[in-house]
Amino acid sequence: MQLTRLQVLAAGLVPAMVSARALSPRAVDCAFATTADAGATCESFAASWGQSVDELKKLNPGITCPNLDTSKSYCVIGTVTADPTSSSSSSSSSSTSTTLKTTTTTTKVSTTSSSTSTSSSTTAAPAPSNSPAMPGLAANCDGFYKVASGDSCDSIASKNGITTTQFKTWNTEINAECSNLWLDYYVCVHVPGAAAPTTTTKVTSTTAAPAPTNSPQMPGLAANCDGFYKVASGDSCDTIASKNSITTTQFKSWNTEINAECSNLWLGYYVCVHVPGAVTQKPTTTTKATSTSTTAPAATNSPQMPGIISNCDGYYKVASGDQCSTIAAKYGITTDQFLSYNSYINAQCSNLWLDYYVCVHATPSPLMPGVAGNCKRYHQVKSGDSCSSISSSAGITFNQFRQYNTQVNADCNNLWLGYYVCTGV
């Protein structure tokens with residue numbers, strides 16, 4: 001396994017190494033020697049230690065190139081004196097010496113479970129103001145950024161006029177989810193000759209970068225986001241989408257770190273609610289509510305508990321002493337229905353939020369035509385269903401069933417498979 005000079009120094013191995021004079025007649029004081037990896041050549045081995053082949057040869061008189069012997073050790077850190085006869089000490093007053101060493105602070109180290117591979121560059125290391133630096137920075141990095149609270153790969157890339165792909169290429173230790181950024185550490189945001197991405201020009205010409213008022217931000221925001229919303233108490237993905245006239249699918253696609261359950265919103269942080277060219281629309285819940293007798297959520301239906309079903313069109317404000325069963329009974333629905341409308345509430349109903357709104361009615365889709373506008377209970381037609389079996393299961397008569405579903409004929413031979421019918425008002 002080949003180590004970098006930085007690792008050798010950090011491990012304190014240099015003082016323990018013997019002088020290369022015991023191995024070679026040349027005036028070389030070797031501070032550290034190591035074996036070469038299988039298949040290594042003088043050129044690749046020297047480069048991995050930040051040396052030229054000539055420097056490697058000076059440290060190893062008699063070395064045979066280009067191929068190296070993996071059973072031998074080669075000196076990679078040491079001092080070569082100009083006068084071979086005065087080699088008893090690298091600090092001798094009668095000799096002139098040149099110390100060969102590698103660039104250390106910019107050496108990139110990538111590790112696996114069983115091996116370590118190294119690469120280095122002669123580019124100057126980060127200045128003290130760019131320290132501490134995250135591991136995995138490009139060896140030739142010449143532009144740095146200090147990670148701040150709320151940063152994401154997308155937002156860092158956007159702030160520095162680069163693409164997220166460029167950013168991850170220059171910071172190889174950052175994972176695919178960008179969930180391991182180190183707060184207050186420096187990352188690489190430029191290398192010599194890097195081309196400015198076309199997206200940078202596009203964003204600059206169409207939308208302004210996030211203003212300071214859009215900070216802090218949740219991670220995972222779309223790099224070209226130009227519309228922001230601050231998460232408030234009681235918000236959910238559905239309610240945020242509704243407030244900003246977008247769909248929940250659009251909202252999640254612009255905020256990639258939010259999970260499928262939308263249970264990891266960060267209170268007081270900004271999320272993305274618009275990108276350039278996005279087509280906004282009224283949420284389907286508003287359209288559906290308009291087509292029935294139930295009013296869409298008004299401003300008085302806020303704040304809402306998280307986890308409310310997206311097509312909810314009837315709300316209730318939790319009062320002291322309420323239980324799931326008592327709320328359900330008030331609105332003529334079962335407790336199971338109530339819980340299905342409010343997925344955040346647990347089975348024990350022990351986490352109701354006082355003075356927050358919960359859902360007590362939701363019109364399912366698709367509906368059979370002719371369903372009563374004041375329907376409170378629904379049944380989805382399945383294969384083998386009949387009017388009598390549905391009525392019997394719901395505890396209503398056949399006549400009541402037809403009253404709630406006026407388009408079902410007397411022979412009950414026109415039920416639509418997969419559509420919802422009404423079983424209670």
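## A walk through the model, starting at S48

Select S48 to begin: at 11% relative accessibility, S48 counts as buried (buried means under 20% relative accessible area, exposed over 50%, and partly exposed in between, using a 1.4 Å probe and protein chains only). What you have open is a predicted model, in which local features need pLDDT of at least 70 and side-chain atom pairs count only at pLDDT 80 or more, while totals for chains, interfaces and linings use all residues. Residues are numbered from 1 along each chain as its sequence is written, and side-chain values use heavy atoms, with hydrogens and water left out.

**Stop 1: around S48.** Show the cartoon, and you will find S48 in helix α2 (residues 42–48). Helices (H or I, at least four residues) and strands (E, at least two) are DSSP runs, numbered from the N terminus. Now add F45: its backbone oxygen lies 2.7 Å from a polar atom of the S48 side chain. Then select V76, which is 28 residues from S48 in sequence and 10.0 Å away in space, C-alpha to C-alpha.

**Stop 2: D313.** Next, go to strand β10 (residues 312–317), where D313 has its place. Is D313 buried or exposed? Its relative accessibility is 2%, so D313 counts as buried. Add T363 to the selection: a polar contact of 2.6 Å joins the side chains of D313 and T363. A polar contact is a pair of N or O atoms within 3.5 Å; within protein, one must be able to donate a hydrogen and the other to accept it, and residues adjacent in sequence count only if both atoms are side-chain atoms.

**Stop 3: strands β6 and β7.** Select residues 143–146 for β6 and residues 186–190 for β7; the two strands pair in the antiparallel sense over four bridges (pairing requires that DSSP finds at least two bridges between the strands). G143 of β6 has H190 of β7 as its bridge partner. Turn β6 to see its two faces: G143 and Y145 are on the covered one, F144 and K146 on the uncovered one.

**Stop 4: aromatic rings.** How many aromatic pairs does a search of the whole structure find? The search finds eight. Rings of Phe, Tyr and Trp (its six-membered ring) pair if their centres lie within 6.5 Å; planes under 30 degrees apart count as stacked, over 60 as edge-to-face and the rest as tilted.

- W182 and Y185: the ring centres are 5.2 Å apart and the planes stand at 90 degrees, so this pair is edge-to-face. W182 is partly exposed at 38% relative accessible area, and Y185 is partly exposed at 29%.
- W416 and Y419: here the centres are 5.2 Å apart with the planes at 85 degrees, so this pair is edge-to-face. W416 counts as partly exposed at 38% relative accessibility, and Y419 is partly exposed at 29%.
- Y344, W353 and Y356: ring pairs link these residues into a cluster.

**Stop 5: the whole protein.** Zoom out to 13 helices and 13 strands. Of the 425 residues, 41% count as buried. Colour by pLDDT, the predictor's confidence in each residue from 0 to 100: the mean is 76, and 73% of the residues reach 70 or more. Over residues 9–25 the pLDDT is below 50, and this stretch has 24 contacts in the model beyond near neighbours in sequence (contact means heavy atoms within 4.5 Å). Finish at residues 282–299, where pLDDT stays under 50 and the model has 29 contacts beyond four places in sequence.
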